[in-house]
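This report describes a structure for a reader who has not met it before. The sequence and the coordinates come first, and the description follows.

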Amino acid sequence: MRAFRWLILAAVLAAAAGWWITRARPLPADALASLAGEAARGETVFLAAGCASCHAAPKATEGAEGAEDKPILSGGQQFASDFGTFVAPNISPDPVHGIGGWTVAQFATALKRGVSPEGRHYYPAFPYTAYVRMRDQDIADLWAFWQTLPASDAPSQPHEVGFPFSIRRAVGVWKLLYLRDDWVMGGDADPQLERGRYLVEALAHCGECHTPRGPLGGLDTARWLAGAPNPSGKGTIPSLTPDRLTWDAGEIAYYLETGFTPDYDSAGGHMAAVVGNFGKLTSADRAAVAAYVKALPRPAE
Amino acid sequence: MKKQVFAIAAAAAVIATAAVAQDYSANLKARQGQFRIMALNVGILGGMAQGKIAYDAEAAQRAADTLVAVSHIDPGPLWPEGSDNMSIDGTRAMPSIWDDHDDFLTKWGGFGTAAAGMQQVAATGQEALGPAMGKLGGACKACHDTHRAPE
């Protein structure tokens, strides 16, 4: 009888510990308060991070004529996965249906911790596993740029995620396993390589599609950017590692600018949106990404 | 007896499906060949734009003229309904081409506009090629973004 009581106590303690370690971890309310954001610089962050590629309304194609207009981030694009279908929410500056009522600290908490202002875990379809590496100044600049975007009052649609993945608390466990803020490509980097690493690993979140995932959906960093099945349909996302990608740095940069491969095929699928964004960045940034890609190691067998 | 009827019905269904499945190999060859012609000629212009091959006004003009000529090919016979990547192998053409056909045709028209823009400037000098290449790339991407599946 006594042993049984101890057992119950142990179970309660384990549950409490589990509850504690899977809790949402927001940044302090005064995070980034000392930083002044600059909208012009924020637009570069916005393009490199590809916010509009997922959060613009489904029909709003980038790179088409008239795409010079500022994007309306009303959400609605669907992302099928092994865990269910995620629907990008409205993140326009609308105070009710978008995120216009947020503080910059809440914005940074969403990006770096994957936590909503209400303290819920976001699903990692939102690539905070990459944005966790963002610099605070970039977030402040991005938030300043956000204020210049048009608002939309379109309500966000719920995700179509079944049990057990519908338990948000479980994402807390997932974060313990996979949310890391160190660089995948460690070691010293010259300024160009460092910029490329920041663009690839933090902002552009290339690994989300180009790196294969384990059974729980975490990125297999031993095979970083080594190619993966298309997360949302048929086909595969190509490898960028030197055993497979034979393009030189100039060809990679030109691809990011125009969408043309060395044999003048052209980018398709989600990559077309990426190229649409990267074509608007500086040639130095495109060259930095190319330098990073050329510095990738061969993947583990 | 019931089982037999069922078996016959099932066999009939299989035969009917086989009869319906059509051979689109000629259409696939034609449209994929069309894209090869485009890539070859865009490649000449892109090589000159990047300075990888020497600029030659006449050759640039011929390449641009070819692109415009390709843009006049009627897409109808190349893209019969049912020749999408969910129905047959050997293509990356997505069902959205037929589900949203107006969008597909608009984007094919976008290639024509970009090709015509290139045709106007191709012979005017090497530095004119870069911006016109950007427009061509944008037209290719706009369609591939929605209507072509990854490899």
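Helices (H or I, at least four residues) and strands (E, at least two) are DSSP runs, numbered from the N terminus. By that rule B:His144 sits in helix H6 of chain B. This is a predicted model, in which local features need pLDDT of at least 70 and side-chain atom pairs count only at pLDDT 80 or more, while totals for chains, interfaces and linings use all residues. Residues are numbered from 1 along each chain as its sequence is written, and chains are lettered from A and ligands numbered from 1 in the order in which they are written.

**Chain B**

Chain B has six helices and zero strands, and its pattern along the sequence reads α-α-α-α-α-α. A residue is called buried if 20 or more other C-beta atoms lie within 10 Å of its own, exposed if 12 or fewer, and partly exposed in between, with C-beta atoms placed from the backbone. On this count 30% of the 151 residues of chain B are buried. Two residues are in contact if their C-beta atoms, placed from the backbone, lie within 7 Å. Among contacts in chain B with a separation of 6 or more, 70% are between residues 24 or more positions apart.

**The contact between the chains**

Chain B contributes 21 residues to the contact and chain A contributes 25 residues. On the chain B side, helix H2 (25-49) and helix H6 (129-147) each supply at least two residues. H6(B) gives the most, with ten residues. The chain B side consists of seven nonpolar, ten polar and four charged residues; here Ala, Val, Leu, Ile, Met, Phe, Trp, Tyr, Cys and Pro count as nonpolar, Asp, Glu, Lys and Arg as charged, and the others, Gly among them, as polar.

An unreviewed UniProt entry lists B:Cys140, B:Cys143 and B:His144 under "binding site". UniProt positions are given in the numbering used here, feature names are shortened, and annotations may be inferred rather than shown by experiment. B:Cys143 lies in helix H6 of chain B and is buried because 22 C-beta neighbours fall inside 10 Å. Leaving out residues up to four places away in sequence, B:Cys143 touches B:Lys107 and B:Trp108. What does B:His144 touch, with residues up to four places away in sequence not counted? The partners of B:His144 are A:Ser266, A:Ala267, A:Gly268, A:Gly269 and A:Ala272. B:His144 is also buried, because 24 other C-beta atoms lie within 10 Å.

**Chain A**

Chain A is divided into domain 1 (25-180) and domain 2 (182-301), with bounds that come from an automatic or database domain assignment. The C-alpha centres of the two domains of chain A lie 21 Å apart. Their contact takes 23 residues from domain 1 and 23 residues from domain 2. On the domain 1 side, helix H2 (39-49), strand S1 (78-81), helix H5 (128-131) and helix H7 (169-178) of chain A each supply at least two residues. H2(A) gives the most to that side, with five residues. The domain 1 side divides into 15 nonpolar, five polar and three charged residues.

The unreviewed UniProt entry gives "domain: Cytochrome c" for residues 37-150 and 191-297 of chain A. Over residues 191-297 the chain is 46% helix and 4% strand, with the end C-alpha atoms 19 Å apart. In helix H8 (residues 191-203) of chain A, the buried residues include A:Gly196, A:Tyr198 and A:Leu203. The buried residues of H8(A) pack against H2, H5, helix H9 (207-210) and helix H12 (283-294) of chain A.

Two residues of chain A other than glycine have a positive phi, as listed here.

| Residue | Phi | Place in chain A |
|---|---|---|
| A:His205 | near 40 degrees | loop between H8 and H9 |
| A:Leu225 | near 60 degrees | loop between H9 and strand S3 (228-229) |

A:His205 is buried because 22 other C-beta atoms lie within 10 Å, and A:Leu225 is buried because 29 do. A cis peptide bond, with omega about 5 degrees, joins A:Phe163 and A:Pro164. A:Pro164 is in the loop between helix H6 (136-146) and H7 of chain A.

**Confidence**

The mean pLDDT of chain A is 92, and 96% of its residues reach 70 or more; pLDDT is the predictor's confidence in each residue, from 0 to 100. Over residues 62-67 of chain A the pLDDT is below 50, and this stretch has 13 contacts in the model beyond near neighbours in sequence. Where pLDDT is low, predicted coordinates should not be read in detail.
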